[in-house]
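Reader: I am new to reading protein structures. Can you take me through one, feature by feature?

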Amino acid sequence: MTYPPKIIRTTVAAMFFMAGLCFSSWASRIATIQQKLSLSDAALGGVLLSLPVGLMLSLPLSGWAVNKIGSRKVLAAALSLYGLMLITLGFVNDVISLIACLILFGMASNATNISVNTQAVATEALYAKPIMASFHGLWSLAGFIGAGIGTFMIAKDIAPAPHFIIIAVATIIAVIISWKYLHNDHSRSNSGSAFVMPDKTLITLGLIAFCSMVVEGGMFDWSVVYFKKVVQPDEDWIGMGFTACMCMMAGGRFVADAFSAKFGLKRTLQVSGTLSAIGLLIAVVFPTLWTAIIGFMFVGAGISSVVPMVYSAAGKSITMQPGPAIAAVSTISFIGFLIGPPVIGVLAGIFSLKISFVFLAGMASLVVIFSTKAKL
């Protein structure tokens with residue numbers, strides 16, 4: 001049975017939202033779990049590396065699974081596992097268990113990411129306009145809501161375990177309700193090989209996303225530090241740069257589709273990279289409270305649409321199936337997200353934090369250069 005595009009779009013959007021809610025629920029209780037296990041900041045940093053390890057381990061497997069059995073089955077299984085692994089994180093009582101659960105949580109997260117984006121590409125094909133960024137906007141919106149729920153749970157002194165159980169049950173219920181409305185792509189999933197080398201276009205898309213993800217990773221990990229050490233506002237304002245960036249990132253994803261429909265993918269990516277570069281340079285050259293906030297708002301707007309647009313373009317590859325194509329681009333881009341923060345730390349140690357943010361501006365400029373040269 002074929003369902004109306006609006007119903008399919010709503011269903012896929014719900015899957016994005018639940019994925020974002022699972023991740024943000026975990027993130028909102030990291031400090032609680034750190035205190036529970038008596039972890040130092042250094043120890044916590046080491047433990048948290050387990051999450052990207054799981055993500056990287058599952059990248060080739062996720063693409064193969066989506067190609068082999070279809071994104072609907074992978075999404076249902078992965079998102080359900082995502083919720084179940086969230087529960088286990090609420091019950092961990094030692095570091096080894098936490099590491100093991102985080103690796104599995106990371107694997108489920110990436111399998112969900114690849115499969116839900118494959119579903120989004122198929123949904124976008126039902127429309128005469130781009131809609132990919134709006135899906136990612138709902139993931140970001142779920143991040144804010146998840147953080148709010150976490151704050152409420154902490155205020156009420158509710159332990160992570162019951163908090164995570166509520167989120168997991170809601171996630172699994174959403175999967176069950178959504179199952180019949182998701183794209184059943186199993187019949188098309190066995191054509192072609194999952195292990196085809198990405199062509200030049202896919203590699204270029206990966207490099208564009210890589211550069212943007214270096215900036216995004218840097219903003220996630222260093223924006224608060226930049227405000228504290230360089231901008232030096234009152235204590236209550238230290239987090240405002242990060243908040244401004246994340247708000248514009250979420251909001252930008254809800255307008256990126258309309259912009260892309262009017263001006264095209266290439267122009268969207270060029271504008272995105274330009275906004276990020278200008279914003280970073282404003283924060284470096286004019287490191288005062290309001291100019292830095294404005295600069296970080298530019299950065300948030302700039303990085304908001306790059307990954308959704310790149311995933312959308314990768315899913316339309318003529319040389320690879322959507323799942324493996326998205327997995328290939330995701331692999332390249334995620335490396336940028338991982339190496340960005342430590343590179344900033346090294347540059348800040350050798351030179352200064354300002355210089356490290358100039359480096360980020362350079363990476364944003366590369367988004368413009370690669371987008372201009374790419375055949376998009």
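Reader: Where does D157 lie?

Author: This is a predicted model. D157 lies in the loop between helix 7, residues 132-155, and helix 8, residues 160-178.

Reader: Is D157 buried or exposed?

Author: Look at the relative accessible area. For D157 that value is 69%, so the residue is exposed. Next, look at the backbone. D157 has a positive phi of about 60°, although D157 is not a glycine.

Reader: Which phi does S38 have?

Author: S38 is not a glycine, yet its phi is positive, at about 55°. S38 sits in the loop between helix 2 (30-36) and helix 3 (41-48). With a relative accessible area of 66%, S38 is exposed.

Reader: Now the rings. How is a pair of aromatic rings described?

Author: Two values describe a pair: the distance of the centres and the angle of the planes. In this structure, the count comes to 14 aromatic pairs. Take W26 and F105. Their ring centres are 6.5 Å apart and their planes stand at 65°, so this pair is edge-to-face. The angle decides that, because over 60 degrees counts as edge-to-face.

Reader: Which parts of the chain does that pair link?

Author: Distant ones. W26 is in helix 1 (residues 5-28) and F105 is in helix 6 (residues 95-124), 79 residues apart. Both W26 and F105 are buried.

Reader: Which residues do ring pairs link into a cluster?

Author: F220, F242, F334 and F337.

Reader: What sits over the ring of W179?

Author: The charged end of R72, at 4.0 Å from the ring centre. Another case is R9, which lies over the face of Y127. There the distance from the ring centre is 5.3 Å.

Reader: Next, cysteines. How many disulfides does the structure hold?

Author: Zero. To see why, check the distance between sulfurs. A disulfide needs the two sulfur atoms within 2.5 Å. For C22, the closest cysteine sulfur is in C101, 14 Å away, so the two are too far apart for a bond. C22 is also buried, with a relative accessible area of 0%.

Reader: How far from C211 is the nearest cysteine sulfur?

Author: It belongs to C245 and is 17 Å away, and C211 is in no disulfide. C211 is buried, at 2% relative accessible area.

Reader: How many salt bridges does a search of the whole structure find?

Author: One. E124 forms it with K316. The closest N and O atoms are 3.5 Å apart. That counts because the cut-off is 4 Å.

Reader: Where are E124 and K316?

Author: E124 is in helix 6, while K316 is in the loop between helix 14 (306-314) and helix 15. The pair links distant parts of the chain, 192 residues apart. Now compare their accessibility. E124 counts as buried, at 5%. K316 is exposed, at 52%.

Reader: Let us turn to the surface. Which residues form a nonpolar patch there?

Author: L281, V285, F286, V346, I350, F351, I355 and V358. Together they have about 760 Å² of accessible area. Helix 12 (265-285), helix 15 (322-350) and helix 16 each give two or more residues to the patch.

Reader: Where does F351 lie?

Author: In the loop between helix 15 and helix 16. F351 counts as exposed, at 56% relative accessibility. V358 lies in helix 16, residues 353-373. With a relative accessible area of 36%, V358 is partly exposed.

Reader: Last topic: sequence and space. How far apart are V358 and A277?

Author: Give both separations. V358 and A277 are 81 residues apart in sequence, and their C-alpha atoms are 8.6 Å apart in space. Now try D94 and Q119. They are 25 residues apart in sequence and 37 Å apart in space, C-alpha to C-alpha. D94 is in the loop between helix 5 (71-91) and helix 6. At 34% relative accessibility, D94 counts as partly exposed.

Reader: What separates the C-alpha atoms of M85 and I103?

Author: In space, 9.7 Å; along the chain, 18 residues. M85 is in helix 5. M85 counts as buried, at 9% relative accessibility.

How values were computed
Residues numbered from 1 in each chain as written. Predicted model: local features only at pLDDT ≥ 70, side-chain atom pairs only at ≥ 80, totals over all residues. Heavy atoms only, no water. Phe/Tyr/Trp six-rings, centres within 6.5 Å; stacked < 30°, edge-to-face > 60°. Helix = DSSP H or I, 4+ residues; strand = E, 2+ residues; numbered from the N terminus. Buried < 20%, exposed > 50% of the residue type's maximum accessible area, 1.4 Å probe, protein only. Lys NZ or Arg CZ within 6 Å of the ring centre and 35° of its normal. Patch = residues over 30% accessible without salt bridge, like charges linked within 9 Å, V, L, I, M, F, W, Y side chains within 5 Å. Areas by Shrake-Rupley, 256 points an atom, 1.4 Å probe, with all protein chains shown as cover. Salt bridge = Lys/Arg side-chain N within 4 Å of Asp/Glu carboxyl O.
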